[in-house]
Amino acid sequence: MKIIGTGSALPEKVVTNDMLAGFLETSDSWIRTRTGIETRRLLSTETLSELAMTAAMKALESSKMKPEDIDYIICSNVANSYVTPSLSSIIMGPLGCKCPCTDINGACVGFIYALDIADAFVKTGKAKNILIVAAEEPSRFCNWHERETSVLFADGAGAVVVTEGEGFRDFIVTGDTHTDVLYYKRQMEVTPYDRVEEKTQPLVMQGREVFKLAVRSCIKDVDTILERNGLTGKEIDMYLLHQANKRINDSIREHLGEPEAKFPLNMTKYGNTSSASIPILMDELSREGVLKDGMKLLLSAFGGGFVTGAAILDWSAIEYDKENNE
Ligand code: ACO
């Protein structure tokens, strides 16, 4: 399976660390040094489904596929204002597609999980051309009176179109129960039989625990996938890692002993956009011409659960229509 189109969309509202320090007891220097984040984009006037639509349309356009060519849509989304219908159902009609569609929740690893599922569908002939959209609004899970979480998260959407062909070599997806280190609980309706009203619990995160789990498990995934594909870290041209915290990514890079240039970052300007972070980064690098034909890429991410995932692929350059290439 290979990627033949990419797209992304971000909210217009740019929020700086200083803006957050205007109402939270925090500072630009704390956020920069602890996380690498300088600004983030937050939904204000747009909706998540609009971002998902825009990212999907750009991916479709660059893939040169028509909406009717798509025979499966997978959206990666942790939560949005609709519990049902799925985000993939919501965007399918306006996109002009008519095919099976479903949402998955693989936390921040959702994009890699979606690719892994798509790869199995393509290999078995269940589907040929699949649209994957990772669209997330984690800023809406946070308690905005708490500095521990709200400064980290941001909103955005990234999308790819995949089809048959040489590209992905291997995937790893893992799960290990640590449900207490990162969770967000939503209130549901009270029934006549269950009158205990459980309130919404905005995002709870044990930051240090998440940090340690993330570094440990991503290093394990990266080492395992390199070894079983007979590759060394040096042979990877670029590492597209989940954009949660620069220090997490630096720890993985230091373990591999590889140069900073191979570890592009965009959490500096976009914050942590959960499962959308890797496809947004991929779309930007591809449109800028940084991702060149034949480059070996390694993707790796971690997320609440605790789940992780990694993939290795050989990149095929995508030609973008210059007028729409923004
Ligand atoms: N501004 C200023 N001070 C703060 C802030 C803030 N925004 N947040 C916490 N602090 C304070 C704490 O209260 C603490 O104060 P104290 O020493 O008086 O007790 C101090 O800063 C140090 O807090 P720590 O939690 O020890 O800081 P740490 O260096 O561990 O950094 C951080 C915290 C950035 C959250 C880090 O642990 C981290 O990045 N963890 C991983 C988070 C992550 O990746 N989350 C997403 C995971 S999954 C997904 O992507 C959805």
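Q: Leaving aside its neighbours within four places in sequence, which residues is isoleucine 130 in contact with?
A: This is a predicted model: local features need pLDDT of at least 70, side-chain atom pairs count only at pLDDT 80 or more, and totals for chains, interfaces and linings use all residues. Residues are numbered from 1 along each chain as its sequence is written, and side-chain values use heavy atoms, with hydrogens and water left out. Contact means heavy atoms within 4.5 Å. With those sequence neighbours set aside, isoleucine 130 is in contact with Asp71, Tyr72, Ile74, Ala118, Phe121, Val122, Val160, Val161 and Val162.

Q: Which members of the largest nonpolar core touch the most other members?
A: A nonpolar core is a set of buried Ala, Val, Leu, Ile, Met, Phe, Trp, Tyr and Cys residues joined through side-chain atoms within 4.5 Å. Buried means under 20% relative accessible area, exposed over 50%, and partly exposed in between (1.4 Å probe, protein chains only). The largest core has 42 residues. Those touching the most other members are Leu115, Ile130 and Leu299.

Q: Which helix gives the most to this core, and where does the core lie?
A: Helices (H or I, at least four residues) and strands (E, at least two) are DSSP runs, numbered from the N terminus. Helix α5 (residues 110-124) gives the most, with seven residues. Both domains give residues to this core, so it lies between domain 1 (2-166) and domain 2 (170-317).

Q: How many residues does the other core hold?
A: Another core lies apart from the one just described. Among its members are Phe153, Val215, Met267 and Ile312. Its size is 41 residues.

Q: How many residues does each domain bring to the contact between domain 1 and domain 2?
A: Domain bounds come from an automatic or database domain assignment. The centres of the two domains, taken over C-alpha atoms, are separated by 14 Å. Domain 1 brings 53 residues, and domain 2 brings 44 residues.

Q: What area is buried between domain 1 and domain 2, and which three residues supply the most of domain 1's part?
A: Buried area is the accessible area (1.4 Å probe) that two parts lose on being put together, summed over both. Here it is about 3700 Å², with 65% from carbon and sulfur atoms. On the domain 1 side, 17% of the area buried against domain 2, more than from any other three residues, comes from Cys108, Ile112 and Phe141.

Q: How many salt bridges and how many polar contact pairs cross this interface?
A: A salt bridge is a side-chain nitrogen of Lys or Arg within 4 Å of a carboxyl oxygen of Asp or Glu. A polar contact is a pair of N or O atoms within 3.5 Å; within protein, one must be able to donate a hydrogen and the other to accept it, and residues adjacent in sequence count only if both atoms are side-chain atoms. Between domain 1 and domain 2 the rule finds zero salt bridges. Polar contacts, with both residues at pLDDT 80 or more, join 17 residue pairs.

Q: Which element gives the largest share of the side of domain 1 that touches domain 2?
A: Several elements give two or more residues to this side, including β1 (2-9), α3 (48-63) and β6 (130-136). The largest share is seven residues, and it comes from α5.

Q: Is aspartate 170 buried or exposed, and which side chains does it join by polar contact?
A: Aspartate 170 lies in strand β8 (residues 168-178). It counts as buried because its relative accessibility is 16%. A polar contact of 2.7 Å joins its side chain to that of arginine 228, and one of 2.9 Å leads to the side chain of asparagine 229.

Q: With which side chain does the side chain of arginine 169 make a polar contact?
A: Arginine 169 is found in strand β8 and, at 38% relative accessibility, counts as partly exposed. Not counting residues up to four places away in sequence, it touches Asn229, Leu231, Lys296, Ile312, Leu313 and Asp314. The polar contact, at 2.9 Å, is with the side chain of aspartate 314.

Q: Which backbone atoms does the side chain of asparagine 77 reach?
A: Asparagine 77 lies in the loop between β4 (72-76) and α4 (87-95). At 6% relative accessibility, it counts as buried. Its side chain reaches the backbone nitrogen of alanine 79 at 3.3 Å and, at 2.7 Å, the backbone oxygen of alanine 135.

Q: How many residues of helix α10 are buried, and which residue just after it takes a positive phi?
A: Helix α10 (residues 277-287) is mostly covered, with eleven of its eleven residues buried. A positive phi of about 80 degrees follows just after α10, at glycine 289.
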